[in-house]
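Welcome, and please open the model in your viewer. We will go from one selection to the next, with a short note at each stop.

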Amino acid sequence: MRFRGWDLVWFLGFMLLWSSTIVVDASIHDYRNGRFSRRLNSYFFHGGSEGLYASKIHPSHSNSEDKPLNGKSFIRFESITFQRTKEATEKQNAMQQKTGLIEAIIVEVKDRGRIGGAHENSDVICCNPKLAEQGSCKVGEVIIRQDPNNPDWPKRIQTSFEGKTQEATLIHTVEVNSTGMYYLYFMFCDPELEGMIINGRTVWRNPDGYLPGKMAPLMTFSGFMSLAYLVLGLVWFLRFVQYWKDIIQLHYHITAVIGLGMCEMAFWYFEYANFNSTGNRPMGITLWAVTFSAVKKTVSRLLLLVVSMGYGIVRPTLGVIATKVLLLGFMYFVATEALELVEHLGNINDFSGKAKVFLVLPVALLDACFILWIFSSLSKTLEKLQMRRSMAKLELYRKFTNALAVSVLLSVAWIGYELYFNATDPLSELWRRAWIIPAFWSLLAYVVLVVICILWAPSHNLTRYAYLEETGDDLEEEGVSLTTSGVKVAGDVAIKLERKERKVSSAADHVYGLGEEPEEDKRE
């Protein structure tokens with residue numbers, strides 16, 4: 001056979017890359033009628049992948065199942081059953097002890113090159129008679145070159161069918177003593193087992209709980225962000241109470257976003273905490289967390305949009321545009337809720353790449369609509385304020401525009417970094433820093449909200465940013481205009497006011513003069 005070592009390398013890379021694209025959000029991986037795929041001279045089924053930290057307690061040589069879990073990191077095979085076809089079963093000899101070998105291979109991603117015969121100048125994964133003669137492997141087994149520094153890894157667990165039995169079981173626990181990204185594959189080399197299915201589940205646990213290594217820092221981050229929203233809410237509430245007579249409608253919208261953000265982060269913290277202690281994601285808490293997240297994202301974008309339109313500052317109401325704004329918000333909520341539900345409630349094998357693109361695209365398009373509409377409205381609002389020469393409001397909106405522009409630039413830069421991160425790390429070797437990507441978006445949303453709270457904080461100086469209902473902004477625009485006629489009108493108004501002031505002043509002097517004249521006459 002002609003050497004095709006690169007084929008083997010490409011296959012191993014394909015297996016790890018393909019399995020890394022599957023969204024896995026649970027430490028308990030369920031297998032239901034899973035089927036094996038063929039590649040080269042082997043058959044494989046991807047059993048899961050997760051980042052695991054090393055055990056804090058050094059394991060003993062005993063494989064007792066009743067040892068304490070705290071401080072241990074392990075992968076446990078629970079009631080794994082393999083079922084071969086009836087045709088394959090009938091071909092076997094009832095007196096034969098082993099009639100079909102299945103292997104579970106656990107490999108750390110950095111050791112992926114130790115699986116297969118590439119080091120023996122062969123393109124096979126399963127051992128053949130030629131390689132067996134060299135003493136490097138056994139016929140019918142997956143070729144594994146052990147790590148000299150850790151002879152037990154990559155880990156191999158074997159089980160076999162007996163006689164004419166149609167099912168084989170695998171129950172085992174593997175303790176993890178080295179921090180890394182681990183991949184699990186179920187494999188067999190016997191072509192007669194083609195068509196076999198797998199059922200059961202594996203449990204993956206870190207030293208501090210069942211939360212996957214990628215998600216463990218998010219629990220701490222969610223707790224920190226919930227406290228940050230609580231502090232912001234307290235400061236905003238004190239300001240709200242202090243200037244309650246000067247509250248405008250916009251302040252209620254800001255209060256709602258703060259409350260939603262606090263509830264969202266609190267729900268995510270409790271969801272992660274429960275996940276960490278049980279290994280399962282409770283649908284109730286997860287559903288509430290996902291829904292609050294979708295509502296908060298929607299309301300936050302609507303807040304940015306109505307502020308950009310000048311709601312409560314340039315215009316008292318949105319008018320007919322309100323229907324379009326609410327429609328866009330409703331569409332965004334539905335799209336975001338669907339994406340979040342599938343991402344966080346999906347099983348291990350039900351979220352394919354096509355489904356992900358189908359759900360991500362609507363959210364991305366609606367986000368683009370929000371951005372275009374926000375900056376278009378900001379441009380019109382700034383132009384209107386400049387025409388009216390409302391310098392205080394103009395300065396306020398310029399600061400808001402600058403902050404929003406900086407946030408958009410940061411978002412674009414971060415999206416570029418995220419694309420680079422995913423492109424350069426397809427096998428999740430940098431899993432310990434992956435939590436930073438979703439955390440950034442939550443932090444950026446919080447910072448933008450803080451900026452809005454600072455710019456539109458309740459105060460006695462309400463005319464600085466509030467829409468004046470009594471005098472009206474139209475009167476302001478009429479009194480101070482950039483046109484020649486406007487300047488003339490403003491000049492006439494000023495002259496009339498000056499004349500009135502002179503009349504009042506002379507009258508007052510005259511009154512006081514009348515009071516002094518009798519005394520002067522008496523002196524004379």
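Two strands count as a pair here if DSSP finds at least two bridges between them. With that in hand, keep in mind that you are looking at a predicted model.

**Whole chain.** Start with everything selected. The chain holds twelve helices and nine strands, and 44% of its 524 residues are buried. Its accessible surface is about 28,600 Å², with 60% of that belonging to carbon and sulfur atoms. Among contacts between residues at least 6 apart in sequence, 79% join residues at least 24 apart.

**Strands 2 and 3.** Now select residues 37-39, which are strand 2, and residues 42-52, which are strand 3. The two pair in the antiparallel sense over three bridges. Serine 37 sits opposite phenylalanine 44 of strand 3. Two residues lie between the strands of this hairpin, and leucine 40 takes a positive phi near 55 degrees there.

Is strand 3 enclosed or open? Show its surroundings and count: eleven of its eleven residues are buried, so strand 3 is largely enclosed by the rest of the structure.

**Strand 8.** Add residues 180-188 to the view; this is strand 8, and it pairs with strand 3 in the antiparallel sense over nine bridges. To find your bearings, label glycine 51, which faces methionine 181 of strand 8.

**The four-stranded sheet.** Hide those and bring up strands 1, 9, 4 and 7. In that order they form an open sheet with antiparallel pairing. Strand 1 (28-35) and strand 7 (167-175) are the edges, each pairing on one side only. From one strand to the next, the twist averages 10 degrees. Zoom in on strand 4 (residues 74-83) and strand 9 (residues 197-205), which run antiparallel and are joined by eight bridges. Glutamate 78 stands across from arginine 201 in strand 9.

**Helix 6.** Next, select residues 283-308. At 1.5 Å a residue, the 26 residues of helix 6 should span 38 Å, and its end C-alpha atoms are 37 Å apart, which agrees. Just after helix 6 comes glycine 310, with a positive phi of about 85 degrees.

**Helix 7.** Finish with residues 321-345. The 25 residues of helix 7 reach 36 Å from first C-alpha to last, close to the 36 Å expected at 1.5 Å a residue. Which residues of helix 7 are buried? They are Val325, Leu328, Gly329, Tyr332, Ala335, Thr336, Glu337, Leu339, Glu340 and His344. As you look down the axis, recall that an α-helix has 3.6 residues a turn, so residues three or four places apart point the same way.

Notes: Residues numbered from 1 in each chain as written. Predicted model: local features only at pLDDT ≥ 70, side-chain atom pairs only at ≥ 80, totals over all residues. Heavy atoms only, no water. Axes fitted to C-alpha atoms, helices over the stretch in contact; angles between N-to-C directions. Buried < 20%, exposed > 50% of the residue type's maximum accessible area, 1.4 Å probe, protein only. Contact = heavy atoms within 4.5 Å. Areas by Shrake-Rupley, 256 points an atom, 1.4 Å probe, with all protein chains shown as cover. Expected span 1.5 Å × (residues − 1).
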